[in-house]
Amino acid sequence: MGFSKKLYFTLIISSLLTLSVAEDLKIYIKGATSIASTDDDFVCVTLDWWPSNKCNYNQCVWRTAGLFNLDLNNTILANAIKAFGSLRIRIGGSLQDQLVYKVGNNIKKCPHFKRTDKGLFGFSRGCLTMKRWDELISLFNRTGVVLTFGLNALYGRKESKTSKGLWVGDWNPRNARDLMAYTAEKGYKIDGYELGNELCGSGVSARVDVEQYGKDMIALKKLIQEIYPDPEHQPKVMGPGGFFDEKWFTKFLEVTGPDVVDGLTHHIYNLGAGDDSHLIDKIQDPFYLSQIAQTYNDLERVITEFGPWAEAWVGESGGSWNSGGKDVSSTFADGFWYLDQLGMTSTFNHKVFCRQALVGGNYALLDSPTFIPKPDYYGALLWHRLMGRVVLSTTHQGSPYLRVYSHCAKRKPGITLIFINLEKWKSFNISLFNDENLYMNVKSPDADFKGYKPREEYHLTPEDGNIQSDVMLLNGTPLKLTESLDIPQMEPKHVDASAPITVAPQSIVYVTVKDFHAPVCA
């Protein structure tokens, strides 16, 4: 960073701190043991089947972002995926249970999704050709995607004549088998297959009884074992991909039994409707944000008690439903919700968190049709690069408006913390304390951490101090694509270890401390 840029950043931070009240705060980190762990590819994004005429609240924001219309040769799209090195993508969504695959001899017609009052979610049945499947796989192969594919779980069923919304009968795996066989024969790598979308519990537009669903998951497991006989290369079995209902999920694990479901997937839209006029307020309210913690805790407990062989995944989460909130979901402010959710779910032993969506809707990480990254894209990329798998206990006794999470650092010694400051006028001067007491509920005598190696700090702020800006600054510099349409370099500033960590109002800060002694990270 040149002298002028350093001076500009210093002036910006200084002005924020001058206008704010500063609070000295101690952060306690237990480095002797972990409290949870995530997958290496914890950060996940989705791609959806929505056509361009998917509209909500008089907005048609999907444009060409759906999987049938997506420009798979776009340079920015490819560069945005490759920047992760390895990015987990889940293909699926509301229309997956109306999608058939034009492969084998079973499917004679291959229609496009069309508007109709008779179809689920207002659309008719659609069809995936193998030409488009090959094109999608080609993009994924050249950009390092770890792929989960959502299968049509309603294929072969019919809606009950006596119970509206309930679909009955066995799942017919024939079309899925043909797609899997084609995919395996081509050598395409699939990390997991997920059966159905939002059909569990009371469902959204349709539902399937839990006993039947469990039976169908067993059928999917057998199908995968048939198509992929080598256990080391078998895709995972994922499901049910819907909203958590404790009684339903418990029964689901009991019916499927051991070693059938590899990933227990649930969806989170805890901010409510995309047209909620209070959306911006919810995102800044720590008490509202914390309400969802009970769901994460309950799902973790259900797995521990009834399905310890399965992993907890957030299979889809866009914050607010119906394509997200205009002028909120695409802005810096959304990072208060999104990055807090990444931190929160990781403490409840969730292995993966899939953001709806990479492209499409107001909640997308990339704009449509320009593919210009939005603030949450950069926040997610930094998480993926900096936060390791091992999750540490991190506490403080200060304002609830300061959210703090810490993990072992990724591919380097020490730890990485993320600070999310929801306070509008208060900054924090942070001191770290290394609490190596093995008794979880007892703090060691103040062991003030005295580092000697410079810290690596990434200060994220909105342009002009406006949290509803769609431009994010890293250490005072706007994050913008390079002239060659590459993702910009995201370098930290190095801070003397003797100085406190300063977190400005309404900012997000990642900090890597390489010489923090955490035995569990060794």
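**Disulfides, a barrel and one helix**

I'll start with one cysteine: C521 has a relative accessibility of 24%, so C521 counts as partly exposed. The cut-off for buried is under 20%. Please keep in mind throughout that this is a predicted model.

What is C521 bonded to? A disulfide joins C521 to C408, with 1.9 Å from S to S. For anyone new to the term, a disulfide is a covalent bond between the sulfur atoms of two cysteines. The torsion about this S-S bond is -85 degrees, and the link of C408 and C521 is left-handed. C408 sits in strand β19, residues 402-409, while C521 is in the segment after β27, so the pair ties together parts that are 113 residues apart in sequence. C408, unlike its partly exposed partner, is buried, because its relative accessible area is 7%.

How many disulfides does the structure hold? There are 4. Take C55 and C60, whose sulfur atoms are 1.9 Å apart. The torsion about their S-S bond is about 100 degrees, so that disulfide is right-handed. C55 is partly exposed at 27% relative accessibility, and C60 is partly exposed at 40%.

Next come C44 and C354, with sulfur atoms 2.1 Å apart in their disulfide. The link of C44 and C354 is right-handed, at 85 degrees about the S-S bond. It connects distant parts of the chain: C44 is in strand β3 and C354 in strand β17, 310 residues apart. Are these two cysteines buried or exposed? C44 is buried at 0% relative accessible area, and C354 counts as buried at 1%.

If the bonded cysteines are numbered in sequence order, the pairing reads 1-6, 2-3, 4-5, 7-8. C200 is in no disulfide; the nearest cysteine sulfur belongs to C354 and is 15 Å away. C200 is buried, because its relative accessibility is 3%.

Now to the strands. β3 and β17 are both part of a closed barrel of 8 strands, in the order β3-β4-β7-β10-β12-β13-β15-β17, with parallel pairing. From one strand to the next, the twist averages 25 degrees. On the outside of that list of strands there are helices to mention. Helix α5, residues 210-227, packs on the sheet and touches β7, β10 and β12; its direction makes about 150 degrees with that of β12. Helix α9, residues 293-306, packs on the sheet too, touching β13, β15 and β17, and its direction makes about 165 degrees with that of β13.

Which strands does β17 pair with? β3 pairs with β17 in the parallel sense over 3 bridges, and β15 does so over 4 bridges. R355 in β17 is the bridge partner of V45 and also that of S317. As for cover, 6 of the 6 residues of β17 are buried. One strand further along, β13 and β15 pair in the parallel sense over 6 bridges, where T265 has W313 of β15 as its bridge partner.

Last, helix α4, residues 174-185. It has 12 residues and reaches 16 Å from its first C-alpha to its last, close to the 16 Å expected. Its buried residues are N175, A176, L179, M180, Y182 and T183. Why do they lie on the same side of α4? They cover an arc of only 160 degrees around the axis, which puts them there. An α-helix has 3.6 residues a turn, so residues three or four places apart point the same way. The buried residues of α4 pack against β5, α3, β7, β10 and α5. Just after α4, G187 takes a positive phi of about 80 degrees.

Notes: Residues are numbered from 1 along each chain as its sequence is written. This is a predicted model: local features need pLDDT of at least 70, side-chain atom pairs count only at pLDDT 80 or more; totals for chains, interfaces and linings use all residues. Side-chain values use heavy atoms; hydrogens and water are left out. Buried means under 20% relative accessible area, exposed over 50%, partly exposed in between (1.4 Å probe, protein chains only). Helices (H or I, at least four residues) and strands (E, at least two) are DSSP runs, numbered from the N terminus. Two strands pair if DSSP finds at least two bridges between them. Axes are lines fitted to C-alpha atoms, for helices over the stretch in contact, and angles run from 0 to 180 degrees between N-to-C directions. Contact means heavy atoms within 4.5 Å. The expected span of a helix is 1.5 Å times one less than its number of residues. The arc is that of the directions from the helix axis to the C-beta atoms. A disulfide is a pair of cysteine sulfur atoms within 2.5 Å.
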